[in-house]
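Colleague: Got a minute? I'd like to talk through the pockets in this one.

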Amino acid sequence: MILPFSGCVATSTPRYVIDSTSYQATGKSQRIKTIVLHYTVSDNERSIKTLTTGQVSAHYLILDRDDDKVYSLVDESERAWHAGDSGFAGRTILNDTSIGIEIVNAGIKPQYRNTLNNGALDYHPYEHYVAFDELQIKKVAELVQDIAKRYDIPPKNIVGHADIAPSRKIDPGAKFPWQRLYKEYGVGAWYDEFDKQFFMHPDTFAAATIPEIKQELREYGYRINNSDEWDKASRDVVYAFQLHFRPQRPTGEMDLETYAILRALNKKYAGRDDFY
C-alpha cells in the first residue's frame, strides 16, 4: 500500500527568495568584540598538538620559528575554545565573541615555576617571565592590527587571558610588550603619562575607599567582587591589571602608581564600550 506523502516531498524549485537589498536594519554591530592574547607554556610541537587535537583551540597560532607564517587553526566565523570562564567589559562567555591568538612561549622560566607553591611569593615578578621573540611581536602586532580594523574592536578590548580570567590565568605575562604595541603599531590601549602624573596624589589615593577603587576597575572592564577588602580574588585582578599596564613591578597590591594608571585609563577610555 502506497500512501501519498505529498506534504513531505522536497521540490527542486525554491518557493521563495531571500531579498537582502530592499530593507536593511541599522540596529546591528560586529559579532566579534574582543581579541584575547595568550601564551602556550610549551614549545612549537606540543603547542601544535594541544591546539589541534585537544579540547582547547585558538583562531591563530604564532610559533617561535623564523618564518613568515601565522597559522590559522579555527576560522574566524567559528568559535574557538581559548577563553574558558571569562569576562570583560560587561560580557561573559567570551569564546562566543572573541578572536583568540596563541603565542608559543614558555611563560615562567623553569627555575621559578614552583616558587608560588612553597608560599614564599604570592605572585611571579617580572624577572620570572620568558621574553618573546622579536619576530613574534611583529607578527602579533600586524595580525591584531588587521583583526581590530576589520571588526572595529575598541582599543581596551584587546586584552590578555589574565585580564579576562585573573584568578586562573597570567598569560601573556609581564614580558608581553603592550606599551610597545600601542606606541609603534597603534594596537590596544595605554594611558597618557600626563594623566597618570595628574592622579599621582597620595592624599587622593589615601582617601579612596576599596569599593571606590574596585568600581574604577569595573569601569575599565575588569570583573571584581564587592568585598570591602583586598582579598586574594581582588588582588588577582590587581595583579592582572599590573601585568598589562605596569609589568615591571607586578605585586598584586593596589598602590599609588597602580591607582593613578587606572584613573588615567578611565579618563581616556571609560564609557566607550559597545555592549550590543
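Colleague: Which residues lie nearest the centre of the largest pocket?
Modeller: Keep in mind this is a predicted model. The largest pocket has 25 lining residues, and Tyr39, Thr40, Val41, Lys169 and Asp171 are the ones nearest its centre.

Colleague: And which elements give two or more residues to that lining?
Modeller: Those are β1, running 34-39, and α1, running 44-53. The largest share comes from α1, with four residues.

Colleague: How much space lies in the largest pocket?
Modeller: About 430 Å³.

Colleague: How does the lining of the largest pocket split by class?
Modeller: You get nine nonpolar, 10 polar and six charged residues there.

Colleague: OK, switching topic to the second largest pocket. How much space lies in that one?
Modeller: For the second largest pocket it's about 230 Å³.

Colleague: Which residues lie nearest its centre?
Modeller: Ala174, Gln179, Trp190, Pro247 and Gln248, out of 19 that line the second largest pocket. The elements giving two or more residues to its lining are α4 (178-185), α8 (232-245) and α9 (256-269).

Colleague: Which of those gives the largest share?
Modeller: That's α4, which puts three residues into the lining of the second largest pocket.

Colleague: And how do the residues of that lining divide by class?
Modeller: The second largest pocket has 11 nonpolar, three polar and five charged residues in its lining.

Terms used: Residues are numbered from 1 along each chain as its sequence is written. This is a predicted model: local features need pLDDT of at least 70, side-chain atom pairs count only at pLDDT 80 or more; totals for chains, interfaces and linings use all residues. Side-chain values use heavy atoms; hydrogens and water are left out. On a 1 Å grid over the protein atoms alone, a cavity is a set of points where a 1.4 Å probe fits but cannot get out, and a pocket is an open set with protein on both sides within 12 Å along at least five of seven lines; lining residues have an atom within 4 Å of a point. Grid points are joined across faces, edges and corners, and a volume is the space filled by probe spheres set on the points. Ala, Val, Leu, Ile, Met, Phe, Trp, Tyr, Cys and Pro count as nonpolar, Asp, Glu, Lys and Arg as charged, and the others, Gly among them, as polar.
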